[in-house]
Structure formats: structure tokens, C-alpha cells
Amino acid sequence: MSELVRSPTGMVGLALLSVVAVAVVFGSVLAPYDPQAFHPAVRLTGPSAAHWLGTDQFGRDIFSRLLTGASSTILFGVGATALGVLAGSVIGVTAGVVGGWVDSVIMRTLDGLLAVPDLLFTLLIVTFLGGGAGEAMLAVAVAFTPGMARIARSSVLSIRTREYVLAAVARDESQAYIIGQEVIPNAIGPIIVEATIRVSFAIMIGATLGFLGLGAQPPSTEWGLMVAEARQYMYRSPWVVAVPGIAIAVSALGFNLFGDALRDAFVTRGRR
Amino acid sequence: MSPAYLLRRLLAVILVLWIVTIAVFAITMVLPGNAAIMILGEYATPDQVAALEERLGLNRPAAVQYFEWLFNLLQGDLGMSLRLSLPVSEVVGSAFANSAMLAATALVTVTVVAVPLGIFAALKRGTKTDLGISFLAYTGTAMPEFVTATLLLVIFAAPGNPLLPAGGFIPPGESIAGFFHHVILPAGALSFILTAHIARQVRSEMSDVLSSDYIRAARLKGMRERRVVRGHALPNSLAPAVAVISLDIGYLLGGIIVVEEIFAWPGLGRLLILALENRDLPVIQVITLLLAMVYALTNLISDLVIAALDPRVRYE
């Protein structure tokens with residue numbers, strides 16, 4: 001942990017994630033205005049003392065909308081990744097442990113699914129599920145599953161031949177004990193690292209779906225949707241699109257930096 | 001590399017594509033969303049829906065529909081677009097060419113900018129220059145295409161006296177200058193995130209090479225730094241760079257969908273979104289298959305290039 005905090009990337013990442021976490025947890029409490037309240041007198045104004053980040057096309061306070069939108073934007077990414085990791089790990093660990101033709105069938109299927117770009121895969125699923133925040137989250141989770149399954153499997157395979165596993169086999173431990181006590185605890189590191197980095201992708205895909213009208217629906221203050229709704233007015237007042245756009249980038253950056261620091265601290269330790 | 005290896009890889013690509021056909025068909029068939037209702041509108045009577053399903057063959061068992069579709073596909077018959085009443089091959093063909101031009105422009109831009117940038121950062125490892133490039137690269141990888149595209153539009157295409165057009169497409173056969181004028185913003189939006197990602201990866205690959213034993217040996221025997229870099233480090237970091245770029249092509253193919261939609265570029269991405277909105281199943285299926293095929297083939301080609309660049313890589 002100390003190694004993590006000492007690296008500059010880890011520190012910046014942690015700082016960004018703390019800000020994002022505060023917005024997610026306390027966003028709606030901290031918001032100075034009702035995010036849906038119209039203030040017709042101050043439509044599309046720039047930053048001011050009353051409205052720190054300006055107002056949108058209906059005179060709604062952008063800062064308040066940003067704060068309340070944090071939870072739908074960020075939790076989308078975390079939720080989709082968590083679901084994808086869970087499903088992927090189950091499939092990957094099964095393939096790695098069972099081996100044989102089961103492994104072959106699973107791996108070839110994953111190869112096929114991985115040949116479809118993530119965003120395309122997500123679009124296909126979300127269209128046929130019907131647009132909406134929940135459907136979009138499920139779609140991203142499904143799209144992430146093959147990649148996570150592959151990582152989980154290779155993680156299990158590299159551990160299966162380690163001495164402590166061979167020792168457990170030699171001790172005649174049960175299969176369940178070996179998987180639960182020896183393999184999974186050791187395989188989980190790379191999976192968590194990959195998951196952290198993937199959250200940033202999930203946030204970006206979620207916002208993209210919101211932007212395309214296939215994710216969160218109005219009156220949600222999800223950030224991608226905020227950009228889409230304000231696009232008509234972007235030439236008159238660029239910050240209407242810039243503020244939520246930058247917020248997406250900052251959150252994705254936080255998860256990226258933190259994930260990379262995690263990887264340096266835990267996975268490649270001793271490599272350099 | 002043996003011909004047997006090449007044959008095996010080609011078979012693997014075919015296997016992957018076959019699995020994609022099943023997956024695509026499953027997604028478009030099993031999930032809810034009735035194509036006939038989509039075409040007729042929600043006020044269609046059950047009789048009308050049934051008649052159209054009968055005409056389109058949508059009421060037959062999924063397996064029958066799948067094998068018929070696959071069989072036709074193998075014979076080069078891609079079917080008819082439900083929405084446009086045109087053969088899918090016609091609709092998809094020109095869109096594919098347009099997308100290929102956009103993707104190629106972006107890919108060339110990315111390669112020309114990102115690889116030197118990453119190598120430069122690695123050579124300056126630990127300096128302020130390296131830190132600056134790394135910072136830009138990290139920020140870049142956190143910007144989804146729609147954000148970059150929107151910001152580019154605000155900066156370069158604001159009404160009044162726009163520097164660049166906000167969208168549209170001019171075939172290069174009509175006007176080369178017009179084509180480039182229109183391709184700059186979409187290609188820029190596509191390239192930004194990829195440049196950032198590839199520069200970062202190339203930097204880390206090149207750093208690994210620079211701290212390897214043979215580079216230390218070359219330095220210890222008194223070789224000049226310029227020769228160390230040109231003669232040893234650069235050739236050895238090319239193969240990893242190709243690997244990184246080829247993996248990112250999958251991402252590029254996804255990015256194209258959003259960017260084409262924003263900049264009204266008449267390619268596969270825009271066509272796909274239109275087809276998704278209208279449940280135009282034949283078009284959706286063919287586009288998905290096509291993008292998967294491009295990705296699988298570029299990966300194969302890049303493996304061959306890597307083998308050619310790096311004599312240590314031996315495929316059996």
C-alpha cells in the first residue's frame with residue numbers, strides 16, 4: 001500500500017478518485033441548486049459567483065447537475081465492470097480448472113466474441129434489450145465478460161503449476177479446497193488490476209451510450225447525456241459541453257492512473 | 001514460418017468468424033425487439049405483423065433462418081436491407097470504402113505521431129519532456145471520442161468563420177483537397193485517444209528495451225549512444241509497436257461508429273446506427289461480421305509483420 005501511495009501516478013490517481021468519490025456519495029447533498037430547476041433569467045451564462053460552472057440552455061445550474069450526475073455516471077462504470085468481472089471470472093476459472101475440451105470450447109467462443117469491438121458489441125446488446133441505464137450497464141458487462149474470462153483463465157493456468165498448488169495436490173487436498181484456498185486468492189490480483197483499469201473504459205462507454213441516447217434517459221444528469229443535450233448550444237456557450245466532457249475524462253483518468261499504479265505495485269513487482 | 005502454420009492461422013480466423021456469425025445471429029434473434037413491428041410501426045395490426053413475418057421468413061425456427069442466412073452468405077448473397085429495399089452488398093459496399101478511408105487516415109496519423117513520440121519519451125526517460133508526454137498520453141486515453149469530437153467542433157467548426165467543416169464527406173475522386181478538408185476533424189477525433197494509448201505503450205516497450213542487457217553491453221563496449229539507439233534499440237522496439245497498434249485496431253473500429261455519427265461521415269458506423277434504430281437485421285449482421293473480419297485479419301497480418309521484423313519470433 002505504501003508503495004502505491006509513493007508513486008506519483010498512484011498519488012494523483014488516488015486524489016482524483018477521492019474527489020470523484022465525494023461527488024458520488026455526497027453529490028446531491030452538496031449541490032447548491034435543484035439540478036432540475038429552471039432559472040430562465042440566466043440561460044447559458046458563464047461561470048459566476050452564483051453559478052460556479054455556469055448554466056445550461058434552461059438556466060439549470062451546471063455545477064449542481066454535475067454533482068448529482070456523478071453517481072449515475074461513475075456507479076455505471078463500477079457496476080458494469082463488477083458484473084463483467086464476476087461473470088468473466090466464473091467462466092475463466094472454470095475453463096482453467098476443468099481444462100480439456102471444455103476449456104477449448106470456451107476459449108474458441110471467447111476468441112470469436114473478442115473479435116467484435118467492445119462498443120459494437122455493447123450497441124448490439126443494448127439495442128435489442130431496449131435503451132436505458134440498466135440495460136446499458138448489463139450490455140457493457142456482457143461485452144467485458146470475454147476479456148475478463150481470458151485474464152482469469154491465464155491467471156489460473158499460471159498458478160496451477162506453482163509449488164504451493166502442487167504441494168496442496170501432494171497433500172491430497174480436495175479440489176474445492178485447492179481452488180478456493182490456493183488458486184482464487186492468488187489469481188485475484190491481476191483480475192483486480194485489470195478491473196480497475198476497465199472501470200475507466202466502462203465509464204467512457206457508458207457516457208458514449210448516454211450521448212447516443214441509448215443509455216441513461218432524461219431527466220437523468222448522467223454526464224454523457226448532459227453533453228448530448230447541450231450540443232445544440234455548444235457554439236454559443238462551449239462550457240455547457242466542456243464541463244461534463246472534462247468531468248468524464250477526469251474520472252476515467254483517475255481510474256486509469258490508480259489501476260496502473262496498482263499494476264506496478266502488485267503485478268510486475270520485482271520485474272525491474 | 002511454415003505454410004502449415006499459415007494455414008492453421010487462416011483456419012483459426014475462419015473459426016472465429018463462424019463463432020461471430022452465431023453470436024450475432026443469437027443477439028439479433030433471441031433478444032426482444034420484433035423486426036416486423038419495427039418496420040410497420042407500433043400500431044400495426046397482428047394480421048399485418050404476421051403477414052410481414054411470413055414474407056420475411058421471420059416466423060420460422062431460428063436454426064433454419066441461421067443456416068439459410070449462412071448458406072446465402074457463403075454464396076455471396078448478403079440479403080436485402082429491410083429498410084432501404086436495396087441489396088445489403090450495395091448499401092454496405094460504399095459505406096465500407098468510406099469507413100476504410102477514414103480509418104486508414106486515422107491509423108496513418110496515429111502511427112506517424114505516436115510511435116516517434118513514445119520512442120522520444122523513452123529516450124528522455126525521467127526528464128520533464130517525458131513527464132509532459134506521459135501526462136498528455138494519460139489525459140488522452142481518458143477522453144472518449146464523443147468528447148474529443150465535440151471539443152474539436154467547438155474549436156474548429158464554430159459558425160461564423162469555421163476553419164474546418166463540421167461534417168460531411170467529399171469523395172477523393174471528386175476533390176482530393178475537399179476530401180482532406182473534411183477528413184481532418186473526424187480523423188483527429190479518432191486519432192487522439194489511440195495516439196495517447198499507443199505512445200504510452202511504445203514508451204514502456206522502448207524503456208524495457210533500453211534497460212535490457214544487450215543495450216547495456218553495447219554501451220559498455222563504448223558504442224556511441226546514437227548507434228546504440230539506431231542500431232539496437234529501435235529495430236528491437238518495432239515489433240512490439242506493431243503488436244500494440246494491431247491490438248488497438250479493435251478500438252479504432254468501435255470509435256468509428258461514434259465519430260461517423262457525429263461528423264455525418266457516410267460509412268459503416270453511421271449505417272450501423274441507422275440500421276440499429278430501424279432493426280434492419282441483415283445490415284446489422286453483415287456490418288458486425290465485416291468489422292470482426294477486419295479485426296481478425298489485421299491481427300493475423302500484424303503477426304506476420306512481427307515475424308518478419310523480429311527474426312527471434314518463430315511460429316511453428
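A residue counts as buried when its relative accessible area is under 20%. In this predicted model, B:Trp69 comes in at 11%, so B:Trp69 is buried. That makes a handy starting point for a look at the aromatic rings, and then at the helices of chain B.

Across all chains, the search turns up twelve aromatic pairs. One of them joins B:Phe25 and B:Trp69: the ring centres are 5.4 Å apart and the planes meet at 35°, so this pair is tilted. The two partners come from distant parts of the chain, with B:Phe25 sitting in helix H1 (residues 3–30) of chain B and B:Trp69 in helix H4 (residues 62–74) of chain B, 44 residues apart. B:Phe25 is tucked away as well: its relative accessible area is just 6%, so B:Phe25 is buried too. Nor does the pair stand alone, since ring pairs tie B:Phe25, B:Tyr66, B:Phe67 and B:Trp69 into a cluster.

Another pair, B:Phe179 with B:Phe180, is edge-to-face, with 5.3 Å from centre to centre and 75° between the planes. Here the two partners fare differently at the surface: B:Phe179 has 6% relative accessibility and is buried, whereas B:Phe180, at 44%, is partly exposed. Over in chain A, a ring has a charged neighbour instead: A:Arg198 lies over the face of A:Phe144, 4.9 Å from the ring centre.

Now for chain B as a whole. Its make-up is simple to describe, with twelve helices and zero strands, and the pattern along the sequence accordingly reads α-α-α-α-α-α-α-α-α-α-α-α. The C-alpha atoms fill a box of roughly 85 × 60 × 35 Å along the principal axes. Of the 316 residues in chain B, 47% are buried. Among contacts in chain B with a separation of 6 or more, 72% come from residues 24 or more positions apart.

Two of these helices show how packing looks up close. Helix H11 (residues 268–277) of chain B packs against helix H12 (residues 281–309) of chain B at an angle of about 145°, with the axes 9 Å apart. The crossing of H11(B) past H12(B) is left-handed. On the H11(B) side, the contact is made by B:Leu268, B:Leu271, B:Leu272, B:Ala275 and B:Leu276, while H12(B) supplies B:Val283, B:Ile284, B:Ile287, B:Leu290 and B:Leu291. Sorted by type, the residues of this contact come out as ten nonpolar, no polar and no charged.

Terms used: Residues numbered from 1 in each chain as written. Chains lettered and ligands numbered in written order. Predicted model: local features only at pLDDT ≥ 70, side-chain atom pairs only at ≥ 80, totals over all residues. Heavy atoms only, no water. Phe/Tyr/Trp six-rings, centres within 6.5 Å; stacked < 30°, edge-to-face > 60°. Helix = DSSP H or I, 4+ residues; strand = E, 2+ residues; numbered from the N terminus. Buried < 20%, exposed > 50% of the residue type's maximum accessible area, 1.4 Å probe, protein only. Lys NZ or Arg CZ within 6 Å of the ring centre and 35° of its normal. Axes fitted to C-alpha atoms, helices over the stretch in contact; angles between N-to-C directions. Left-handed = near helix turned anticlockwise from the far one by under 90°. Contact = heavy atoms within 4.5 Å. Nonpolar A, V, L, I, M, F, W, Y, C, P; charged D, E, K, R; others polar.
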